[in-house]
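Trainee: Please take a single part of this structure and examine it closely. I should be grateful for each term to be explained as it arises.

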Amino acid sequence: LGCGSGYLVGQVARMCSAVGISTSPACIAGCRARYPHARFEVADMQAFVEPGATHVTALESFGYADADLTLRSITASLVPGGLFYLKDLFRHAVE
């Protein structure tokens, strides 16, 4: 979720099915140019569902989205026992 430069998706796609998403068409165009063998989609992590996913990663992107909506999309994507890996620097003020 939030594929950035596409590097991780490009590497994983050499071994198995992978998809990277971003809301930025320019970002996705750059990823597709750098990693033409991988799948990249313009999509919003709050609504993107990829049924049958075994793993979902969010590396410094989760803080940009509504957590509840995003977690619902992740839950709808993951197979039972699937893994969600989150690494983030949250950007929202704590009140």
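Mentor: Let us begin with Phe-62, which is buried, with a relative accessible area of 5%. Here buried means under 20% relative accessible area, exposed means over 50%, and partly exposed lies in between, with a 1.4 Å probe and protein chains only. The model is a predicted one, in which local features need pLDDT of at least 70 and side-chain atom pairs count only at pLDDT 80 or more, while totals for chains, interfaces and linings use all residues. Residues are numbered from 1 along each chain as its sequence is written, and side-chain values use heavy atoms, with hydrogens and water left out.

Phe-62 forms an aromatic pair with Phe-84; the pair is tilted, at 6.1 Å centre to centre and 50 degrees between the planes. Rings of Phe, Tyr and Trp (its six-membered ring) pair if their centres lie within 6.5 Å; planes under 30 degrees apart count as stacked, over 60 as edge-to-face and the rest as tilted. By this rule the count comes to 1 aromatic pair. Phe-62 lies in the loop between β3 and α3, whereas Phe-84 lies in strand β4, so the pair ties together parts that are 22 residues apart in sequence. Helices (H or I, at least four residues) and strands (E, at least two) are DSSP runs, numbered from the N terminus. Unlike the buried Phe-62, Phe-84 is partly exposed, with a relative accessible area of 30%.

The backbone of this loop is also met by Asp-88, which lies in the segment after β4 (78-87). The side chain of Asp-88 reaches the backbone nitrogen of Phe-62 at 2.6 Å, and a polar atom of that side chain lies 2.8 Å from the backbone nitrogen of Gly-63. A polar contact is a pair of N or O atoms within 3.5 Å; within protein, one must be able to donate a hydrogen and the other to accept it, and residues adjacent in sequence count only if both atoms are side-chain atoms. Leaving out residues up to four places away in sequence, Asp-88 touches Glu-60, Ser-61, Phe-62 and Gly-63; contact means heavy atoms within 4.5 Å. Asp-88 is itself buried, at a relative accessible area of 15%.

Phe-62 has a further neighbour in Thr-70. Apart from residues within four places in sequence, Thr-70 is in contact with Leu-1, Met-45, Gln-46, Phe-62 and Ala-65. Thr-70 is placed in helix α3 and is buried, with a relative accessible area of 0%.

The strands on either side of this region complete the picture. Strand β3 (residues 53-59) pairs with β4 in the parallel sense over 6 bridges, where two strands pair if DSSP finds at least two bridges between them. One of these bridges joins Ala-53 to Leu-78 in β4. From β3 the chain passes through helix α3 (residues 67-77) to β4, and this β-α-β crossover is right-handed. The term right-handed applies if, with the strands pointing away from the viewer, the path from the first strand over the helix to the second runs clockwise.

In summary, buried Phe-62 pairs with Phe-84, its backbone nitrogen is reached by the side chain of Asp-88, and Phe-62 is among the contacts of Thr-70.
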